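Please look over the sequence and the model before reading on. The report below takes up a pair of helices, two loop residues and a patch on the surface.

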Amino acid sequence: MIPDVHDGVRDEAFDATQALRATGLRVTSQRIAVLEALAGRPHAAVDELHAAVSEQIPGIALQTVHGIVNDLTDAGIAQRVSLPGAPSALYELGRNDNHHHLQCVVCGKVEDVPCVVGAAPCLHPSHDHGMRVLEASVTFRAICPECERNGNG
Ligand SMILES: [Zn+2]
Ligand SMILES: [Zn+2]
């Protein structure tokens, strides 16, 4: 079977240095390490990113990683994923594609799903109270196949 070279290209082709330069943030090895950790594991908590980055930069402080994640979020390279009931904030690369999330209610695993209709705001409330709707942030509460198999659902 011939492998489809287009599969997964988005993440593998991610160039942290280029992404930093594009926003005018100073390119540092710490920022690159955090960005690459984020590209490799979407929807990561800062704790997880810190653990990953520590393998490359031993002794880097958790607070430093927090600061970098905030800088990246302010610059739009990263975005915070708002999920109900998540024990800590999760982050992913900012894509501005109005995608949504499927979250397993048992194990907490999170998957991306494309925007339901292809463009923000995706959903319109039946009554908008006079507000202009920018986007809908939808979390589909679900049960993943592993949890289903284990009978936890
Ligand atoms: Zn699950
Ligand atoms: Zn996502």
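## Helix crossing, loops and a surface patch

The crossing of helices α3 and α4 is right-handed. This is a predicted model, and in it the axes of α3 (residues 29-40) and α4 (residues 46-56) come within 9 Å and cross at roughly 125°. Angles of 65 to 115 degrees count as roughly perpendicular and those over 145 as roughly antiparallel, and α3 and α4 are therefore described as oblique to each other.

The loop that follows α3 and leads to β1 (44-45) holds His-43, a residue other than glycine whose phi is nevertheless positive, near 65°. A positive phi, near 50°, is also found at His-129, which lies in the loop between β5 (110-113) and β6. Are these two histidines buried or exposed? His-43 is buried, because its relative accessible area is 9% and buried means under 20%, whereas His-129 counts as exposed, with a relative accessibility of 64%, where the cut-off is over 50%.

| Residue | Phi | Relative accessible area |
|---|---|---|
| His-43 | near 65° | 9% |
| His-129 | near 50° | 64% |

On the surface, Val-105, Val-106 and Ile-143 form a nonpolar patch, and together these residues have about 200 Å² of accessible area. Ile-143, one of the patch residues, is placed in the loop between β6 (139-142) and α6 (145-149). With a relative accessible area of 32%, Ile-143 is partly exposed, because this value falls between the limits for buried, under 20%, and exposed, over 50%.

Methods:
Residues numbered from 1 in each chain as written. Chains lettered and ligands numbered in written order. Predicted model: local features only at pLDDT ≥ 70, side-chain atom pairs only at ≥ 80, totals over all residues. Heavy atoms only, no water. Patch = residues over 30% accessible without salt bridge, like charges linked within 9 Å, V, L, I, M, F, W, Y side chains within 5 Å. Areas by Shrake-Rupley, 256 points an atom, 1.4 Å probe, with all protein chains shown as cover. Salt bridge = Lys/Arg side-chain N within 4 Å of Asp/Glu carboxyl O. Helix = DSSP H or I, 4+ residues; strand = E, 2+ residues; numbered from the N terminus. Buried < 20%, exposed > 50% of the residue type's maximum accessible area, 1.4 Å probe, protein only. Axes fitted to C-alpha atoms, helices over the stretch in contact; angles between N-to-C directions. Parallel < 35°, antiparallel > 145°, perpendicular 65-115°, else oblique. Left-handed = near helix turned anticlockwise from the far one by under 90°.
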